[in-house]
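Colleague: Please take a close look at the paired charged side chains in this model. Where does each partner sit, and how open is each one to the outside?

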Amino acid sequence: DMNEVANFKKGSTNGCADNELNYPPFTPRILDEVMYSKTLCMDAKQAWGDHYDVHSLYGYSMVLATEKALQHVFRGNRTLMLTRSSFPGVGKYSGHWLGDNAANWNDIKWAIPGMLEFSLFGVPYIGADICGFFDDSSEELCRRWMQVGAFYPFSRNHNAQGYKPQDPAVFGSRLVESSKHYLNIRYTLLPYLYTLFYKAHTTGETVVRPLLHEFYSDINTWSLDRQFLWGKHLLITPVLDPGVDMLEAYFPDALWYNYETVRLLPVHTVSCKPQSCCLCTFNIMLILNCMTYRRNPMGLIIALDDNSQAAGELFWDDGDSRETVQNGNYIHYKFSVVYGVLTMQVTHAGFQDPNNLRFENITVLGVPYPPMSVSVTEGNNITNVLSADKIHHDSSKKVLFLRGLSLSLGKTYIVQWDQVMEEYQRFDCYPEENSDEAKCKERGCIWEPSHFERVPWCYYPKDYGYTATEVTETDSGMTLDITRNRKYKSSGRPDSPDINYLRVEIRYHSEHMLQFKIWDPTSRRYEVPVPLSIPSTPETNEDKRLYKVIITKNPFGIQVIRKSTGTKIWDSSVPGFTFSDMFIQVSTRLASEYVYGFGETEHLTYRHDLNYHTWGMFAKDQPPGYKMNCYGVHPFHMGLETTAHAHGVLLLNSNAMGERITQTHTHTHTHTHTHTQMHSCTYMHMQMHHTYTDLHMQCYCINLIGRPVLPAYWSLGFQLCRYGYANDQEIADLYRDMRAAGIPYDVQYADIDYLDRQLDFVLDPEFNGLPALVDRMRGEGMKFIIILDPAISGNETRYYPAFERGIEDDVFIKWPKELSDDIVWGKVWPDFPNVTVDDSLDWDTQVELFRSFTAFPDFFRNRTARWWHREIKEFYEKTLKFDGLWIDMNEPASFVHGTVGEKCLGSPLLENPPYMPPLESKHRGLNHKTLCMNSQQFLSDGTPVRHYDVHSLYGWSQTKPTYDSLLNVTGSRGIVVTRSTYPSSGKWAGHWLGDNYASWDQLYKSIIETGKKMSQYEMCLRWMQLGAFYPYSRNHNGKGNPRQDPVAWNSTFAEASRDVLNIRYTLLPYLYTLMFEAHSKGSTVIRPLLHEFVNDKATWDIYKQFLWGPALLITPAMDPGAVSVDGYVPDARWYDYHTAKYVGVRKQVVTMPTPLDHINLHIRGGHILPWQKPENNTHYSRRNPLGLIVALSDSGTAQGSFFWDDGEGIGKCRVHIHTDTSTFNKNADCLSLTHLLLFSLSLSQYTHTHTHTHTHKPVSEVLL
């Protein structure tokens, strides 16, 4: 103190000499207008010079000397210094108080701008004497000053000798209680204040700051000096005038919460009651330390902003030692909240608090609805779900309180709460049409209208479902019994009685995969007979498993939590679980809105629209149409979590089913998925992995459904087909014209036209020349594929071996013996013998008059596989050679409903069950355009099953016998293409996307699904360009439509088709390598951009571009009249395939020129693509030299992989080469490479060469 320096004499006891230092030519307007007034003479001498020069540094010099003394006395302890006189730089060592103020209302006001100024001067430890130094303070003034002084960085009540005492106790209970209240708030927030001082110490930030500091774009804040902030986040609005009843305060543009009531402030100008000081928080996380002591537990206050986000930090050390920052002896946290996920990230952990402090409580302001669950994840693996007693939500205040957390200080945690508006938490209790209040309540459900679109009005009570009773846990899983809550009525479907007692089994198959099964233990029920590639031994080491499973007991539910992030990837602890004889429903909350899969249905984007949409799944002869169930069934979906991790869920069910996905309020990002099925048990197989790629490769393909078949090399060539060839000469002419045009082309098809009256295995007389034509084409390197339908005619007047031998072998589907021993007759393509079909009649009349009765082989039976193989072999050897088989109409499709006469035997419930999923023509029943559901089939072990259960497996059951027959009969790999599929069909066959239409929207929808039939000129040309990059590339159109093959238009069209197919053929070695990797590793060939760039969320919604493997980006034009296309360039180095130019941008949308003869292709830097000079077909192109495209990364490196074999052998010699910078592994007996070049160019060399020499050449010429 007194270090200005102060003196009670003017200059000295003897006065001051008359010289120009004591009386300079100019004297500023200072006290008494004398330089030495109340200080020393200006000519006094100091070590630093004349007092005249260093007078204002006296306090600064004393601070330096005091700092040395304190270091000597207190050594390693920090201690405290205050100085009354200051100069720039003293803040490095000392705090400051605003001097000997007086107990009046002016000085309480003046203290705020005084603190704000010293914050600018670099002295953040600042405050004024509370209640005033001089004069006697009134109770009201001191009470107000204690309130605001509790928020001075330096908070001290101090007064002078001779005046009344003014410590809080002397004024009585009112001031005491007020002071205690606000000092307790100060002490609660000391960790936040201490962190602000750490920021000031390390980065120069201010502690106390004016509003303009944070809201400088708001001119209204520029003159505010009656309010101030602690850091960014705590706004203090004190009472500074006597006798006021209300207080006007300014609130800048942010969400603000009243600290004491924890309520959101609704307006920007708010009145505060005069007995309180207004404390408001925004967009922040405040650290609490309860009450006074550093030994007490800590906590967080989280005040969410408009985007439901918040951020903050914490600095913590021993509070006393010197240089803890410099020595690293401290703990530092970064906190962030994004959409209900709090990340408590330790950025430095160099201190162990001796009191073992923990974060006990977290208060979240701005949470409008109670969370469905709260989980805590420690580090990267241990996740716990909080029990209900630790979670409290105040709906009136919109505050979430989490208590008893015990999170250790110094560790990283993720706390996640799932929240959603109440109305969006409803689960539909009446999914059928025409619901009303009476029907709803009859099921024991709640009827409550909603103003929100599509939200169900009839929904389940919170405890509707089952209750878990006995739970048995082992290292490899759990088994438990569950009981239906019978306080509610039945599920409301009298023909489908509820099952009251169920068993649940959960198996930990591997570190990545688990399965749960729910079934009725008292009766045998149908189970899907599709074998899965499940690990032989479970994963019993909990530490290795990526997941944690929790059972909620009432209502019963299963929660599967990713340990590393705490994300719940499955949470069926919701009301509505129903298990009845013919209706099973299970709902779950989804981990995010990014859901992909559920097939085979048409949808508008790759990512599903979650806004209350339902997709039916039941195999049907149904051309693609929005949300219509089509040819196959794939009850699998992939979910991308907000952390960019991926998981997949396979529901192993073959009954008719529906998937309903609902989206909640936009800002809450909570979504639900409801699955309904018709019968069976409930099997869920769940896989998770770190990335999308690992999920698909290691979990779904390798460890579950099996890896895809390796197709013959020639099947990657271009293919032509048409329904409506009149005779073999049309095919011969087409083949001639394609060769003349030089258009690459490997495979020619024959649709059902080649069959006499569409009878399998009987050649039509108009195609008598086809065998010779096929032999000639095959001799010139071509391949030929024929179509076979499963339905076999039973009305032949002459011996028809396929039918007669089928009868002898008993291969056809019949009624159950208790109903009839007859075949279940349908009608498909075969015509009656000896009739002339009148195509002018309507379809139903044609079916009735001309279509033969047909029998359907039961391909589950071993005897049927033998019969099928014999028929195929005999046709191949005696009639027509072929290289692949195309199996169609195998949903199975029929042109009558159920059976001829449309009178199905047996229970009508199977044809029209109590609940109908959202299927196309659901009003017609399940047998619409197929067999009766009560038809009987037999599994390979002789077990009888109803067609009701295995209908959607018909195509699957036909595929393997067909593939086995093809390999055995031809002796080569060939391909099978099937229309109806089910998980694991890919082990034996490919698939085309069915009978699509020639419309522009089908182009981009084909990318979502991939492999369609190809139409007007421009559309067909654009489709040829796009289709050149389908893995299965076939131009095929329907009977009665104009030709659309490449030579059907004009020379310009033919040239453009040739050019784009030449690119395909050039890159076939790369495509074949991708097929090999899919076959051997389970990887994908066609990939969405998110597959390779999953950390770039912009790719998660892209569906009009796709990749071949990791390295070739295809950006097609798919709109009429387009001359350019907007394409996203992911975060990598990309080269234009056509020009070899580096595109120069990344992570942005680029407008790419796309003239009618052009498709945009880009190669990803860091990859090597094998290639080969194209020819008219692969028989000749495979003889050409090989080469490599080396696209260098930013670092000048590249790598790739190359697989080669004879292209169609079964188990023959193969070569697999992995190319990086110098290493090759190969079997020299299998292949002699003529070109295998690697470049180790530096990036600068490549760029120089490219920019000066090769801008006009394709990549293959530039790099090789």
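**Charged side chains and their partners**

Modeller: D481 has a relative accessibility of 22%, so D481 counts as partly exposed; the cut-off for buried is under 20%. Keep in mind that this is a predicted model. The side chain of D481 forms a salt bridge with that of R503, with 2.9 Å from N to O. This pair links distant parts of the chain, since D481 belongs to strand β30 and R503 to strand β31, 22 residues apart. R503, at 29% relative accessibility, also falls in the partly exposed class.

The general idea is simple. Side chains of opposite charge can pair when their charged atoms come close. For a salt bridge, the nitrogen and the carboxyl oxygen must lie within 4 Å.

Another pair is D463 with K487, whose side chains meet in a salt bridge of 2.9 Å, again taken from N to O. D463 is in the loop between β28 (458-459) and β29 (466-474), while K487 is in the loop between β30 (477-484) and β31 (501-507), so this salt bridge ties together parts that are 24 residues apart in sequence. K487 has a relative accessible area of 59% and is therefore exposed, as the class begins over 50%.

Further along the chain, D810 and R863 meet through their side chains in a salt bridge of 3.4 Å, N to O. Here the link joins the loop between α13 (801-809) and β49 (826-831), where D810 lies, to helix α15 (residues 862-878), which holds R863; the two residues are 53 apart. D810 is partly exposed, at 24%, and R863 is partly exposed too, with a relative accessible area of 33%.

Salt bridges can also join up. K199, E205, R209, E214, E313 and K334 form a linked network of them. In total, the structure holds 61 salt bridges.

One more charged side chain deserves a look, this time for its polar contacts. R973 sits in the loop between α18 (954-970) and β54 (975-978). Is R973 buried or exposed? R973 has a relative accessible area of 3%, so it is buried. Its side chain makes a polar contact of 2.9 Å with the side chain of D1205. A polar atom of the R973 side chain also lies 3.0 Å from the backbone oxygen of P711.

Technical notes. Residues numbered from 1 in each chain as written. Predicted model: local features only at pLDDT ≥ 70, side-chain atom pairs only at ≥ 80, totals over all residues. Heavy atoms only, no water. Helix = DSSP H or I, 4+ residues; strand = E, 2+ residues; numbered from the N terminus. Buried < 20%, exposed > 50% of the residue type's maximum accessible area, 1.4 Å probe, protein only. Polar contact = N/O pair within 3.5 Å; in protein donor to acceptor, adjacent residues only side chain to side chain.
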